[in-house]
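Work through the three exercises below with the model open. Try each task before reading its solution.

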Amino acid sequence: MSDYLDPNNEELLKDFFAEAQGQVDTLEQNILVLENDPHNKDAVDEIFRAAHTLKGGAATVQMFELSEFTHVVEDVLDEIRTGTVKVNESVVDTLLKSIDVIKLMLEARLEGEVYEEDISGLKNRLTSFLATGAEQKAKAPSKATKPAPVEPVAAAIASKQSSLPLSEYEVLELKQAAEGRPIYRVMVEFDEANPMNSVGGIQVFAVLKELGSVLKTIPEFDKLYEDQFWPTVEYFVALDKDPQLVQKKCQIPDVTTLVSLQDLDKEASSVPVPKAVAQPEKAQTKSSVAKPPASAPSVNVNQASAKNTGEVNAIQASGESEKEALANPEEHENLKEGKKPASSVVGSILRVDSKRIDNLLNLVSETVISKATFSQISNQFGEALNHLQEASLAYRTDLKELLEALPQYLDEIQKGKTVKELKKTLQERFGKTFSLFDPVETQLKGTVATFRGTAQNLGRIIGELHEGVLRIRMVPISQIFSRFPRLVRDLSKTLNKKISLVIDGEETELDKSVIEDLLDPLIHCVRNAIDHGIENAALRQERGKPEEGRVLLSARNEGNMIVIEISDDGNGIDVEAVKQKGVERGLVHPGKILSDVEAFNLIFEPGFSTAEKVTNISGRGVGLDVVRKQIEKLNGTVSIWSEKGLGSKFTIKLPLTLAIIQGLLVRVGREVYAIPITSVIDSHRIKATEIKVIDNYEVFNVRKDVISLMRLNRLFGIEADENVPFHYVVVVGSGDKKIGLVVDALIGEEDVVIKPLKDQYTNTPGIAGATI
């Protein structure tokens, strides 16, 4: 249990960073929802829960600068939740800037650093909302809360101490586990008024763990993880340090009301020390502005039980321990030196629906059954082989006897024995020879039939297992689509345009390895649509369009491909301007007639831009060439459709997964190659006379289109007979570029797993990898 409470635990850090990213995304998305619908109670509750969880998780792993800042944000969200602070543009802008700071804090920790930029101005803006809310609260009548009297609480603790809730055997067990260390019974009473009263027991457990070994708790430790308030918890602790520290450190503000210590051996109890009950006015005041410095270490807590959600919730226990850390700078410096870069422990974490795991386990169990069936079939083949050998031996024996008896039968015929009589004799003696192999044949046919059925079943299982494993890696594209509402909001404010973002098909799934490299291309396309495509409100009104521009981001499946579209209802692409820019750049001959598609593809050229001036958003021509390179790196294609004055649409097509692809197997000489089926346009069987030579290049005509040819045997230096009457040509292409690959034979389609090549093969042109 202690491993989970260790802030240097690598698994805990991995969980924290994965959860933190999810909480930040939740915060950002719901704040944008709240901007459009200030009275959306569900969004407010979701924001508050995410902020609270993030604050607690940060405290667990001792990221106090994050937990302290998030606490201020949480206070503002709490005021929004109670209706004291009204949601307006200023509040939303401040909260979004706060989220940006939280992101920077997380990034700094990922690099092993601590975020130290001055954020006092942002904190002041946050606390100004709290001050406004406090003024509004002051106007409303409030009910005074009476402090809890000291005497009844102390009397309750004393009465509980009078009887030890352990048997003699249990006490003996505790002493053996303590290994000679003194054992104390620590009784703690908790404040039910604390909003997080259900985790107080874990907080104290974390404190006591630093002072010794917690041997037993009443109630049991697992029950402390349940979302339930326990007024009093007893801890039996084998202490390594001064018992006086227990009372000092277990008095956690707003959490504990009473702490009592009792030596289990001496059966003597100390005087109960109440919390700040003697100062009732101070106990009633909740400060939301003054917080301890971010660098001060404090007592941390828990990994709260979240069995189904996997979330890590934690609370920072502040107070005396923080003051001690500030008073002892050497210890604090040691803490800073001891921390290791979080990036060394953060890996790629994949969240998978448990149903998919269950499906895999079911398929694995079926595979085990098939394995057992094949073992039985193997035994049956062995038995059939033994029977075949026995039948073969009997057959050879009978054949030998027949050959040895032939002279005798010839003599009998010469002595007057008829052929009919001889045939009857042979039938009686060797008649069984003809049926010696019948049982073997029957057994072999049955075994082969079982083998074929089991092989087909195994093929089905392997196919489903393959699909199931791929589905494990499949994640919804909403993971990246969810980032665009904030991007569109910020860009629309920067460019002073009114823009609405419509997202469709965000539940569409694709391989995680693909989705991780897809964000940048989509950002470039969306930025291009907003900056170059959408007009300002005045111009849109002149053109009879709604003031608010529309950007559509959609995804859908088509076979084993995913299609992503980014469209807008803006200016569209000015083909003539693109052509003119292409001529100026030397990309196009002035006299060449370009089709619209060819003109559209010019904007993918490096450095190409039709922007009249360079801004911090665009104009340098370093966007869409990145899009094409990145998409082609993912074995995909990108195309553009546009109509001037109506808008533009980028269409990106990608394979669902990069792990296993469909390939067209072809033979060149004695070698077999696989061509990705996504690159294959069509294939042809042509006569040798159909190949023409133009400017020393081999070409052939396909539906009035001239296709250049490349002989793979020449490219790879393979011996092959080129003087054949027919050739096979596989036409491959990307975008509007095509080429014909001349091969010796087409074998067929097959799923292939590409493995990267190393050493001297890495630079071989035309070879992407190896497969078996």
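Helices are DSSP runs of H or I with at least four residues, numbered from the N terminus. Helix H15, residues 354–414, is such a run, and Tyr395 lies in it. Keep in mind that this is a predicted model.

**Exercise 1. Decide whether Tyr395 is buried, partly exposed or exposed, and name the patch it helps to make.**

Step 1. Take the cut-offs: buried is under 20% relative accessible area, exposed is over 50%.
Step 2. Tyr395 has a relative accessible area of 35%, so Tyr395 is partly exposed.
Step 3. Tyr395 joins Leu399, Leu403 and Leu406 in a nonpolar surface patch of about 350 Å².

**Exercise 2. Find the largest nonpolar core and the helix that gives the most to it.**

Step 1. The largest nonpolar core holds 46 residues. Ile477, Leu518, Leu522, Ile564, Ile566 and Leu654 have the most contacts inside it.
Step 2. Helix H21, residues 519–533, gives the most to this core: five residues.
Step 3. Apart from this core lies another, of 45 residues, including Phe16 and Leu34.
Step 4. Now pick out Ile566. Leaving aside residues up to four places away in sequence, Ile566 touches Leu522, Cys525 and Val526, among others.

**Exercise 3. Trace how strand E19 pairs with E18 and with E21.**

Step 1. E18 (residues 697–702) and E19 (residues 705–711) run antiparallel, over four bridges. Val702 has Asp705 as its bridge partner.
Step 2. Two residues separate E18 and E19 in a hairpin. In the turn, Arg703 has a positive phi of about 50 degrees.
Step 3. E19 and E21 (residues 737–743) pair in the parallel sense, over three bridges. Here Arg711 stands opposite Val742.

Key:
Residues numbered from 1 in each chain as written. Predicted model: local features only at pLDDT ≥ 70, side-chain atom pairs only at ≥ 80, totals over all residues. Heavy atoms only, no water. Core = buried A, V, L, I, M, F, W, Y, C linked by side-chain atoms within 4.5 Å. Buried < 20%, exposed > 50% of the residue type's maximum accessible area, 1.4 Å probe, protein only. Contact = heavy atoms within 4.5 Å. Patch = residues over 30% accessible without salt bridge, like charges linked within 9 Å, V, L, I, M, F, W, Y side chains within 5 Å. Areas by Shrake-Rupley, 256 points an atom, 1.4 Å probe, with all protein chains shown as cover. Salt bridge = Lys/Arg side-chain N within 4 Å of Asp/Glu carboxyl O. Pairing = 2+ DSSP bridges.
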